[in-house]
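Student: Could you pick one part of this model and take me through it closely? I'd like to know what sits around it, not just where it is.

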Amino acid sequence: MALQIGVVGTGNMGQDHIQRLSTSIPDAQVVAVSDVNVEQAKRVGETVEARVYSDGHELVGDDDVQAVLIASPGFTHEEFTLACIAAGKPVLCEKPLAPTIDACLRVLEAEAAGSRRLVQVGFMRRYDDGYRAMKDALDGGQIGRALLLHCVHRNRANPPGFTSDMMITDSVVHEIDITRWLLGQEIVATSVVKPRPSARAPEGLQDPQLVLLETEQGVVVDVESFLNCQYGYDIRCELVGETGTVSLGELAGVHLRTAGRHHGPIPGDWRERFGGAYENELLEWVGGVLKGEVTGPSAWDGYATTAVAEACVQALTEGRRTVVELVERPALYT
Ligand code: ISE
């Protein structure tokens, strides 16, 4: 039987997940949706014949819901994730696990107390074919020991209300997660360099930023976060090792060479760029849950990423190198 899923949050990300679960994941069925905007929840719920709730807690408590996907705003993640842990239901929570270190620790402690992994955090880049090939090349010894990681994270334009801090907590978090996963190392310190702001960015926004991360074994990572690059969504990554390098390839799509020029497509946003990764993420999550396992990015990964992001924000605000301190890792996550 298909896994019966409830989705909390029917905004853009929630709708994307619901559509993908219903059309591309054969072993999944969306049976319930919830949103404080109940009219929107009704419209979205109707498309997949799901029950509709205005309160996510009622959805978690629905006996027919076997697993939960949380796509509501970040400040609600802690309460819904804790409710899923209390109900013993597997949960895929969009990033961030929670917006503060303390909130992440409460989730971590609740899950660790049950000695069973239920929580997965939606760091979808780990499911991208390109990043996976990079990890295979490193782990397979093809480029020797990692020395440097160069990352570029450009968005076309800023959504309303985006702040300088959010360029880290909402965007650079993905590179923080990829660094930890790709290298298999924690990040121990960070600094942020501030180039002159683009005139295309709203007044007061520090855009672009150059975030430097240092890992426990001395790999240095530079991340360009540029929110108003104007031309599209552009994600690049090159890992430099002792005997070679490996990087994300050019994007799929047709490339035209004519009249002394070459042209190719650039994605509009992350949903287009990482569509394949989101699909792999859901396929593997659903397949795992049906077998009784949760193996993707853990609550520990969610906590560590939020802790590094907070250190980066401090480095940006105070203009100095900031050390990252993590609590001891519970046995469940070793
Ligand atoms: C957005 O919230 C995401 O999570 C995207 O993956 C990221 O690339 C973008 O910069 C964020 O704003």
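Tutor: One bit of vocabulary before we start: two strands count as paired if DSSP finds at least two bridges between them. This is a predicted model, and the part I'd pick is strand β11, which covers residues 234–241. How many of the eight residues of β11 are buried? Six of them are, so the strand is mostly covered, taking buried as under 20% relative accessible area.

Now for its partners. One is strand β7, residues 146–154, joined to β11 by eight bridges. The two strands run antiparallel, and if you want a spot to click on, His153 stands opposite Ile235 of β11. Another partner is strand β12, residues 245–247, with three bridges to β11. That pairing is antiparallel too, and here Glu238 faces Ser247 of β12. The link between β11 and β12 is a hairpin, with three residues between the strands.

While you have that region on screen, look at Leu248, one of the residues touched by Asp128. Asp128 also touches Arg273, Phe274 and Ala277, leaving aside residues up to four places away in sequence. You'll find Asp128 in the loop between β6 (119–121) and α6 (129–139). Asp128 is buried, at 8% relative accessible area, and its side chain reaches the backbone nitrogen of Tyr131 at 3.2 Å.

Key: Residues numbered from 1 in each chain as written. Predicted model: local features only at pLDDT ≥ 70, side-chain atom pairs only at ≥ 80, totals over all residues. Heavy atoms only, no water. Helix = DSSP H or I, 4+ residues; strand = E, 2+ residues; numbered from the N terminus. Buried < 20%, exposed > 50% of the residue type's maximum accessible area, 1.4 Å probe, protein only. Polar contact = N/O pair within 3.5 Å; in protein donor to acceptor, adjacent residues only side chain to side chain. Contact = heavy atoms within 4.5 Å.
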